[in-house]
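Work through the following exercises on a ligand and the protein around it, and compare each solution with the model shown here.

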Amino acid sequence: MRIAQILFTQGLGSRRQCAGLIAAGLVRVDGRVVDDALAEFEPQGLVFEVEGRAWPYHERALIMLHKPAGFECSQKPRHHPGVMSLLPAPLRTRGVQPVGRLDADTTGLLLLTDDGRLLHRLTSPRHHVPKVYEASTRHPLTPGQVQQLLAGVVLDDDPAPVRAAEAEATAERALRLVLTEGKYHQVKRMVAAVGNRVEALHRSAFGALTLPADLGPGQWRWIDPEALLPPR
Ligand code: URA
């Protein structure tokens, strides 16, 4: 693939801007300046540099972000900055967007992608991708509350009960829940439905991926889709 096309597909700018970066000598491959926009490279596995920053080529982007509190996942954030502001501009340019949403005050593992099929597969309720949440509760948890979360609770927008795939009190006021759907405010509403209240919420895992201890709040990294969903 031509270097100009590689830069364009990776979100480095419009075709004209990518050609400009190349002509200005700001693009390197293997440490050497590539100033010919027509130069061809095998994109798979390629790492190119633009203005000194290394970009690994990814046909489709899949990103894991440690979402801090105080950021909104919506496309048009209203009360807080958007999570997209935590990512470099090329990821925004290439159309990366959050896989589902976390509330502004929720922290933890947020996936983002520009792969429409993967986005659908990860968010569709049919696929039952498990998500692990750690909630701090206002009141001590009772065995009855945990049982109810497992047995199923009815939320106000749907008569069908929703149940946690797993629920466990990990401390007097700490709950670990595994959910396979992604309804609006689901954890907070389920916990409220059993007579308690979520004071803080953190997502620690999504599918087979666990938030790594060395990925601090606000930090992100590339991930391989196969680490998330084994091939079918
Ligand atoms: N459930 C909630 O209530 N909030 C989140 O952010 C995620 C799941």
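**Exercise 1.** Explain why the ligand lies between two domains.

Solution. Domain 2 (62-125 + 208-228) and domain 3 (130-206) both contribute residues to the shell around the ligand, so the ligand lies between them; the domain bounds come from an automatic or database assignment. The model is predicted, with local features needing pLDDT of at least 70, side-chain atom pairs counting only at pLDDT 80 or more, and totals for chains, interfaces and linings using all residues. Residues are numbered from 1 along each chain as its sequence is written, and side-chain values use heavy atoms, leaving out hydrogens and water.

**Exercise 2.** Find which residues are around the ligand.

Solution. Taking residues with a heavy atom within 4 Å of the ligand, we find Leu102, Asp103, Thr106, Tyr133, His185, Gln186, Val187, Lys188 and Leu201.

**Exercise 3.** Identify backbone atoms that lie at a short listed distance from the ligand, using polar contacts (pairs of N or O atoms within 3.5 Å).

Solution. A backbone N or O atom of valine 187 lies 3.0 Å from a ligand nitrogen, while one of lysine 188 lies 3.0 Å from a ligand oxygen.

Methods:
A polar contact is a pair of N or O atoms within 3.5 Å; within protein, one must be able to donate a hydrogen and the other to accept it, and residues adjacent in sequence count only if both atoms are side-chain atoms.
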